[in-house]
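Good morning, and thank you for coming. Please look at the structure on the screen while I go through it with you.

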Amino acid sequence: MLFGLLVALLLSASSYGQVETIPNATVLKNITPVELQAMRDTVEVVIYDCKEAFVFEEMHVPGARLIVYDQFTPEELPKDHNTALAFYCYSPDCPAGELAAGSAMGMGYTHVMNMEQGITGWQDAGLKTEP
């Protein structure tokens, strides 16, 4: 089953031109907004917002960086492939965060998470947004 998941991830990510192999791949971990907030308080995590720029300007997780989910390069990510990375989009219906996380895993990052509830879930949890 894990092999099937890795093959599916590889096919999904490679269709966006980001990945040809999955070195050191791990299973993508889905996290809740509350879990991401707790993590921010205890470890270094780089958070990537995969929404449209105009929506990012209206609201995003504090400290999040805007990234184009299907066009980013390894140069836009931390050099250390063990850095904790969290991706999210607008809502659970938006696949951009998960696709970006899959691409990061394909680039060799080993601690990759997807906040699948998106910024709407963050707000629903009563957590503060920026700008």
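Let me begin with helix α4, where the buried residues are A96, G97, L99, A100, A101, G102, S103, A104, M105 and G106. The helix covers residues 96–106. Because 10 of its 11 residues are buried, α4 is largely enclosed by the rest of the structure. An α-helix has 3.6 residues a turn, so residues three or four places apart point the same way. After α4 comes G108, and the phi angle of G108 is positive, near 105°.

I should say at once that this is a predicted model. The average pLDDT of the protein chain is 84, and 80% of the residues reach a score of at least 70. Residues 1–25 need separate mention: pLDDT stays under 50 there, and the model has 35 contacts beyond four places in sequence for that stretch. Where pLDDT is low, the predicted coordinates should not be read in detail.

Now to the overall arrangement. The protein chain has 5 helices and 5 strands. Read from the N terminus, the order of elements is α-β-α-β-α-β-β-α-β-α. Of its 131 residues, 44% count as buried. The chain exposes about 7,100 Å², with carbon and sulfur atoms supplying 54% of that area. Consider also the contacts between residues at least 6 apart in sequence: 73% of these join residues at least 24 apart.

How are the strands ordered in the sheet? The 5 strands form an open sheet that runs β1-β5-β4-β2-β3, with parallel pairing. At the edges lie β1 and β3, the latter being residues 65–66, and each of these two pairs on one side only.

I turn next to strand β4, residues 84–88. Is this strand enclosed or open to the outside? Since 5 of the 5 residues of β4 are buried, the strand is largely enclosed by the rest of the structure. Its two faces are both covered: A84, A86 and Y88 are buried on one side, and L85 and F87 are buried on the other.

Strand β4 has partners in the sheet. With strand β2, residues 45–49, β4 pairs in the parallel sense over 5 bridges. In this pairing V46 stands opposite L85 of β4. With β5, strand β4 pairs, again in the parallel sense, over 4 bridges. Here L85 stands opposite V112 in β5, and F87 has N114 of β5 as its bridge partner.

This brings us back to the helix with which I began. Together, β4, α4 and β5 make a right-handed β-α-β unit.

Strand β5 itself spans residues 112–115, and both of its faces are covered. On one side V112 and N114 are buried, and on the other M113 and M115 are buried. Strand β5 is also joined by 3 bridges to β1, residues 29–31, and these two strands run parallel. At that border, N30 stands opposite N114 in β5. The residue N114 therefore deserves a second look in the display: N114 is buried, under the 20% cut-off for relative accessible area.

My final topic is the cysteines. How many disulfides does the structure hold? There is 1 disulfide. The disulfide joins C89 to C94, with an S to S distance of 1.9 Å. The angle about the S-S bond is 55°, and the link of C89 and C94 is right-handed. Are these two cysteines buried or exposed? C89 counts as buried because its relative accessibility is 6%, whereas C94, at 26%, counts as partly exposed. A further cysteine, C50, is in no disulfide, and the nearest cysteine sulfur, that of C89, is 6.4 Å away. As the cut-off for a disulfide is 2.5 Å between the sulfur atoms, that distance is too long to count as one. C50 has 6% relative accessibility, so C50 counts as buried.

To close, I would ask you to keep two points in view. The sheet runs β1-β5-β4-β2-β3, and α4 belongs to the right-handed unit that links β4 and β5. For residues 1–25, please remember that pLDDT stays under 50. Thank you for your attention.

Notes. Residues numbered from 1 in each chain as written. Predicted model: local features only at pLDDT ≥ 70, side-chain atom pairs only at ≥ 80, totals over all residues. Heavy atoms only, no water. Buried < 20%, exposed > 50% of the residue type's maximum accessible area, 1.4 Å probe, protein only. Contact = heavy atoms within 4.5 Å. Areas by Shrake-Rupley, 256 points an atom, 1.4 Å probe, with all protein chains shown as cover. Pairing = 2+ DSSP bridges. Right-handed = clockwise from strand over helix to strand, strands pointing away. pLDDT = per-residue confidence, 0-100.
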